[in-house]
Structures are given as C-alpha cells and as structure tokens.
Amino acid sequence: MLAALVVLTPHWAAWSFLGWAGLGHELAHRNVLSWRQANVALFRICSILTWSNFAFFELTHPIHHRHTLGPADIEANAGVRISARQALGLAGFDFVGLIRRIRILALNAAGIVPGDERVQALAPPGSPERRAIRNGARWVLAIQAGMAIVFLAAGQPILIAGVTLAPFCLSGFNRALALLQHAGLAAGTPETQFEDSTRTVRLGPVGGFFYANMNLHLAHHVWPSIPFYNLPEADRALTRAGRHVHETRGFLEGLGLLARLRRPAPRLKTSA
C-alpha cells in the first residue's frame with residue numbers, strides 16, 4: 001500500500017495537467033503537432049482522461065481568447081479565491097468535484113446544458129452545438145465506464161485509482177495555476193489589451209514542463225498560435241518590451257494571492 005502511494009502521489013499531481021490547464025489546452029489550439037487532426041484527436045483523448053467534455057471547450061475557448069474577461073467570456077472568473085474547504089479537497093481527493101463532474105456530464109448526455117443565458121445562446125436546444133455537447137459527454141461517460149469495467153475485470157483495481165479517479169486526486173496544483181491566469185484582473189480596453197486581463201506566473205522548469213508553459217499566459221494570449229515550446233522566447237520578447245503588468249513569482253505566492261481575493265470559487269454551473 002505504501003509503495004503504491006509513493007508511486008501514485010507524483011502521478012496524481014501530474015495527471016490534471018493533461019486537461020484544459022496544461023497539455024490538453026495546447027492541443028486544443030491545434031499547434032503542438034504539425035498534423036492538425038492529430039492535435040484534435042489527442043485533445044479529445046486528454047479531455048476524456050480528465051472527465052472533461054471536449055465539445056464544450058471547443059465552443060467556448062475561442063470566445064475566451066477574443067473577449068478575455070469581457071461579458072461574453074464564460075470560462076475565466078476573475079473574482080475567485082480558494083476556500084479552506086476547497087483547499088483541503090484539492091490537496092487530497094476532491095470527492096465533491098467528482099460528483100459535480102459526473103452530474104454535469106450526465107446532464108449534457110441527456111441534452112441539458114446548465115448555465116446562464118450566454119451558455120444557452122451558444123448552444124440553443126436543437127442546435128448542432130447542443131448535439132455536439134451531448135455527444136461529447138456520452139463519449140466521456142462511455143469510455144470512462146468502459147475503462148473502469150476493464151480494469152476491474154482484469155483484477156487491477158489500482159488502475160481505478162491511477163486512471164479513473166486520477167483527475168480528482170491532488171489536483172490543487174493544477175487548479176490553483178488555472179485560477180491564477182486571470183484571478184483578480186479585469187478586461188482590457190479594448191478586450192484584446194491582454195496586459196490588463198492576464199497574469200504571468202514564474203515557475204521553475206519542472207512546473208513549466210508539466211503546465212505546458214501556460215504559466216507564461218500573457219505570451220499565450222498575445223500570440224495564441226505559438227506552440228507551447230516556443231512560449232519562453234515569446235515571453236522574453238514581452239519582457240524586453242516591458243509589457244508584463246501582472247506577474248506572480250512562484251506557486252506559493254500565487255496561493256497567497258488567491259487566498260486574498262474577494263470570494264470563494266463558485267460551484268461549477270456550466271459544462272466542463
């Protein structure tokens with residue numbers, strides 16, 4: 001048991017970075033590999049492995065880049081902090097997050113997309129977008145259920161912990177960094193003035209590797225077509241131009257910032 005925990009602990013901490021705050025996000029931009037369709041396929045695989053509805057992200061993420069923190073942006077939430085209860089869950093097993101994710105995927109699979117009027121306008125009932133979200137959720141649920149059945153039938157329950165439940169184990173590193181991208185900031189005027197709405201977080205080489213350099217988030221928003229492995233050079237260009245307005249140095253400083261912000265992170269109200 002102890003040996004399993006020793007192996008699984010770094011594995012759990014890294015697994016969430018396959019999702020939308022990490023490698024999966026970069027694959028969604030379709031610029032990691034030269035073959036466009038390979039990016040799409042790998043993005044959807046990463047989404048499924050992290051219990052995320054890829055069709056929803058494909059719909060909302062371009063809007064996030066065009067209108068960062070503006071009224072149309074339903075991805076980023078600038079006024080959040082991590083509460084003590086949430087921090088405890090994210091430092092261990094996020095049972096509440098698992099139940100919430102399954103609930104939303106189940107609703108999506110039934111053709112129901114929770115959210116405010118902006119979400120409903122993006123995917124109105126009967127639209128191709130609504131059907132894509134429905135089908136995406138069905139793929140996620142079917143493949144996750146199928147893998148769990150195979151793991152149990154093969155007599156390998158450890159794979160349930162190592163794959164099925166991995167996105168909800170020690171996910172706090174990834175979650176905190178994702179919040180820091182825009183936490184406490186406001187939309188620029190115009191909204192494409194990303195220096196106002198986007199934060200760069202200075203991490204070491206290990207953190208930057210697992211995060212696919214998304215900590216260099218201002219460079220990513222200014223040049224979203226640049227693949228993650230070229231973002232350090234782009235970031236240096238912004239530094240030389242004096243364009244960094246919001247910077248946080250290190251993960252611990254970022255946690256302190258999140259603790260000081262206005263209100264706890266809300267319950268997930270949209271598909272994810």
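**Figure 1. Confidence along the chain.** Average pLDDT for the chain is 92, and 93% of the residues score at least 70; pLDDT is the predictor's confidence in each residue, on a scale from 0 to 100. This is a predicted model, so local features need pLDDT of at least 70 and side-chain atom pairs count only at pLDDT 80 or more, while totals for chains, interfaces and linings use all residues. Residues are numbered from 1 along each chain as its sequence is written, and side-chain values use heavy atoms, with hydrogens and water left out. One stretch to treat with care is residues 265–272, where pLDDT stays under 50. The model still has 32 contacts for that stretch beyond four places in sequence, a contact being heavy atoms within 4.5 Å.

**Figure 2. The second largest pocket and its lining.** Here we're looking at a pocket with a volume of about 190 Å³. The search runs on a 1 Å grid over the protein atoms alone: a pocket is an open set of points with protein on both sides within 12 Å along at least five of seven lines, whereas a cavity is a set of points where a 1.4 Å probe fits but cannot get out. Lining residues have an atom within 4 Å of a point. Grid points are joined across faces, edges and corners, and the volume is the space filled by probe spheres set on the points. Around this pocket sit H11, A14, W15, F17, L18, L23, F209, F210, A212 and F228. Sorted by type, the lining has nine nonpolar residues, one polar and no charged. For that sorting, Ala, Val, Leu, Ile, Met, Phe, Trp, Tyr, Cys and Pro are nonpolar, Asp, Glu, Lys and Arg are charged, and the others, Gly among them, are polar. Helix α1 (2–15) and helix α12 (205–210) each bring at least two lining residues, and the largest share, three residues, comes from α1. Helices (H or I, at least four residues) and strands (E, at least two) are DSSP runs, numbered from the N terminus.

**Figure 3. F17, one of the lining residues, close up.** F17 sits in the loop between α1 and α2 (23–28). At 8% relative accessibility it counts as buried; buried means under 20% relative accessible area, exposed over 50%, and partly exposed in between, with a 1.4 Å probe and protein chains only. Leaving out neighbours within four places in sequence, F17 contacts G22, L23, G24, F173, N174, L177, F210 and Y211.

**Figure 4. Q181 and its partners.** Q181 is in the loop between α10 (172–180) and α11 (194–197), and it is buried, with a relative accessible area of 13%. Beyond four places in sequence, Q181 touches S197, T198, R199, Y211, M214 and H217. With H217 there's a side-chain to side-chain polar contact of 3.3 Å. A polar contact is a pair of N or O atoms within 3.5 Å; within protein, one must be able to donate a hydrogen and the other to accept it, and residues adjacent in sequence count only if both atoms are side-chain atoms. Measuring sticks aside, V201 is worth a look too: 20 residues from Q181 in sequence, with the two C-alpha atoms 7.8 Å apart. P190 is also found in the loop between α10 and α11, and a cis peptide bond joins T189 and P190, with omega about 5°.

**Figure 5. Strand β1, seen through T200 and R202.** T200 is in strand β1 and is buried, with a relative accessible area of 0%. Its contacts beyond four places in sequence are N215, L216, H217, L218, D235, H244, H246, E247 and T248. R202 also has its place in β1 (residues 200–202). The side chain of R202 meets that of D235 in a polar contact of 2.7 Å. With sequence neighbours within four places set aside, the contacts of R202 are L216, D235, T239, H244, E247, T248, R249 and G250.

**Figure 6. Two positive phi values outside glycine.** W51, in the loop between α3 (36–49) and α4 (54–66), has a phi near 60°. W51 is buried, with a relative accessible area of 9%. N213, in the loop between α12 and α13 (217–222), has a positive phi of about 60°. At 15% relative accessibility, N213 counts as buried.

**Figure 7. P224 and H29.** P224 lies in the loop between α13 and α14 (231–240) and is partly exposed at 28% relative accessibility. P224 and H29 are 195 residues apart in sequence, but 7.5 Å apart C-alpha to C-alpha. P224 touches H29, N31 and H65, not counting residues up to four places away in sequence.
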